[in-house]
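This briefing is meant for a reader who is meeting the structure for the first time. Please look over the sequence and the model before going on to the notes, which are grouped by topic.

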Amino acid sequence: MRAGLFKLCAIRLNVRPNPCKLPPGWSLYRASQWWCVPGHVADEMLAFLGRNRGYCELFRDSLVPDEFFFATLIMNSPHAAQVTGENLTYLNFGKTRRDHNHPVSLTMGEARAVESSGRFFARKFDPAVDAEVIRYFSAKYGV
């Protein structure tokens, strides 16, 4: 079903238009769902959501709301000028046709690459794939 919705969107056919509208003067933005903000910005975003309950309705039936919800919120805020666009999460996307659109589970073989990446976070770990890499980073960083 999701693939069918993507195809309909690609030809600009919206089978279920959203009746909700962005606040006046706002634009829609899209970005990675792996992001981070300083604590005070997160507090401001939560306060905004508390005051503007209808904002969540804009994304209720969206195709990929995680890529629009917070990007739209932050880019229409006073903090937009501080957005760097730099992703602080280490990701290793697959190389095959089956997994090239998804991060693959990290293994001990990639531990050095993770550590030298300059990133503060890493995705994704799966104990069924390699529990050793989880133990390694947990012991090293006290998680």
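**Aromatic residues**

At 4% relative accessibility, Tyr55 counts as buried, because the cut-off for a buried residue is under 20% relative accessible area. The model described here is a predicted one, and the points below take up its aromatic pairs, its salt bridges and helix α6 in turn.

- A search of the whole structure finds 11 aromatic pairs, and one of these joins Phe48 to Tyr55, whose ring centres lie 5.6 Å apart with the planes at 80°, so the pair is classed as edge-to-face.
- Both partners in that pair, Phe48 and Tyr55, are buried.
- Tyr55 also pairs with Phe69, again in an edge-to-face arrangement, with 5.0 Å from centre to centre and 65° between the planes.
- Because Tyr55 belongs to helix α3 and Phe69 to helix α4, this pair ties together parts of the chain that are 14 residues apart in sequence.
- Phe69, like Tyr55, falls in the buried class, its relative accessibility being 13%.
- Ring pairs also build a cluster, whose members are Trp26, Trp35, Phe48, Tyr55, Phe59, Phe69 and Phe70.

**Salt bridges**

- Side chains of opposite charge can pair when their charged atoms come close.
- In this model the count of salt bridges comes to 4.
- One of them joins Arg30 to Glu67, with 2.8 Å between the closest N and O atoms, and it links distant parts of the chain, since Arg30 sits in the loop between α1 (2–10) and α2 (39–51) while Glu67 sits in the loop between α3 (54–57) and α4 (69–75), 37 residues apart.
- The two partners differ in their surroundings, as Arg30 counts as exposed at 58% relative accessibility, whereas Glu67 is buried with a relative accessible area of 17%.
- Another salt bridge brings together the side chains of Arg60 and Glu57, at 2.4 Å from N to O.
- Of these two residues, Arg60 is exposed, with a relative accessible area of 55%, and Glu57 is partly exposed, with a value of 34%.
- A further salt bridge is formed by the side chains of Glu86 and Arg119, at 3.6 Å from N to O, and this pair too links distant parts of the chain, with Glu86 in the loop between α4 and β1 (89–91) and Arg119 in the loop between α5 (111–116) and β2 (121–123), 33 residues apart.
- Arg119 counts as partly exposed, its relative accessibility being 35%.

**Helix α6**

- Helix α6 covers residues 127–141, and its end C-alpha atoms are only 18 Å apart, whereas a straight helix of 15 residues would span 21 Å at 1.5 Å a residue.
- The helix bends by about 40° at Val133, and Val133 is also among the buried residues of α6, together with Asp130 and Phe137.
- An α-helix has 3.6 residues a turn, so residues three or four places apart point the same way.
- The cover over the buried residues of α6 includes helix α5.
- At the N-terminal end of α6, Asp126 acts as a cap, with a side-chain oxygen that lies 2.8 Å from the backbone nitrogen of Ala128.
- Just after α6 comes Gly142, which takes a positive phi of about 65°.

Note on methods:
Residues are numbered from 1 along each chain as its sequence is written. This is a predicted model: local features need pLDDT of at least 70, side-chain atom pairs count only at pLDDT 80 or more; totals for chains, interfaces and linings use all residues. Side-chain values use heavy atoms; hydrogens and water are left out. Helices (H or I, at least four residues) and strands (E, at least two) are DSSP runs, numbered from the N terminus. Buried means under 20% relative accessible area, exposed over 50%, partly exposed in between (1.4 Å probe, protein chains only). Rings of Phe, Tyr and Trp (its six-membered ring) pair if their centres lie within 6.5 Å; planes under 30 degrees apart count as stacked, over 60 as edge-to-face and the rest as tilted. The expected span of a helix is 1.5 Å times one less than its number of residues. The bend at a residue is the angle between axes fitted to the seven residues ending there and the seven starting there. Contact means heavy atoms within 4.5 Å. A polar contact is a pair of N or O atoms within 3.5 Å; within protein, one must be able to donate a hydrogen and the other to accept it, and residues adjacent in sequence count only if both atoms are side-chain atoms.
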